[in-house]
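Visitor: Could you guide me through the charged pairs and the surface of this protein?
Guide: Gladly; let us look at the model together and take it one question at a time.

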Amino acid sequence: MRFLMIALLALPVAAAAQPPLAEIGPGNLQPDFYPRSTCVKPDMAMIGPKPRDARDVRAVEAYNKQVQAYNKSAPVFNACVQDYAAKARNDMERIRAAIQDANTH
C-alpha cells in the first residue's frame, strides 16, 4: 500500500495550469492543431475495493495483484507524459525560433 501511495505522488499533474482554449485568444493555428497525448492514465478503479476480510487469502491475493498491476502501469504513464511534454517543449522552441526569424528578417 505504501508503494501505491508513492507511485501516486510521482504522477505528474499534466496541464493543470492551462486555461481553456476559449480563454487563450486568437492565433495562427487551429484550436485542434496539436496532437493529443496518447498516454493512458492508470485508473484507480482497476484496483477495486479492499477485501472485507483480511483473512480471505484469495481475496487479498487478488487485490494485491490488482495493486501490483496498477503500480506497474504508473511509471509507464509517467514516462509517456514526460516524453510528450519534452516533445511539446521542442515544438515551442521551434515556434519561438520562427517568431525570432520573423522579427529579424
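Guide: One definition helps before we start: a residue counts as buried under 20% relative accessible area, as exposed over 50%, and as partly exposed in between. Please keep in mind that this is a predicted model.

Visitor: Is Arg96 buried, partly exposed or exposed?
Guide: The relative accessibility of Arg96 is 46%. Because partly exposed covers the range between 20% and 50%, that value makes Arg96 partly exposed.

Visitor: With which residue does Arg96 form a salt bridge?
Guide: Side chains of opposite charge can pair when their charged atoms come close. For Arg96, the closest N and O atoms of the pair are 2.7 Å apart, and a salt bridge requires a distance within 4 Å. The two residues are 3 residues apart in helix 3, so about one helical turn separates them. The partner of Arg96 in this salt bridge is Glu93.

Visitor: How many residues apart are Asp83 and Lys87?
Guide: The side chains of Asp83 and Lys87 meet in a salt bridge, with 3.2 Å from N to O. Both residues lie in helix 3, and their spacing, about one turn of the helix, is 4 residues.

Visitor: Which residue meets Arg55 in a salt bridge?
Guide: Arg55 is exposed, with a relative accessible area of 72%, whereas its partner is partly exposed at 32%. Their side chains meet at 3.0 Å, N to O, and the partner is Asp53.

Visitor: What is the accessible area of the nonpolar patch that includes Ile99?
Guide: Ile99 lies in helix 3 and is partly exposed, with a relative accessible area of 48%. Together with Leu29, Phe33 and Ile95, Ile99 forms a nonpolar surface patch, whose accessible area is about 380 Å².

Technical notes:
Residues numbered from 1 in each chain as written. Predicted model: local features only at pLDDT ≥ 70, side-chain atom pairs only at ≥ 80, totals over all residues. Heavy atoms only, no water. Patch = residues over 30% accessible without salt bridge, like charges linked within 9 Å, V, L, I, M, F, W, Y side chains within 5 Å. Areas by Shrake-Rupley, 256 points an atom, 1.4 Å probe, with all protein chains shown as cover. Buried < 20%, exposed > 50% of the residue type's maximum accessible area, 1.4 Å probe, protein only.
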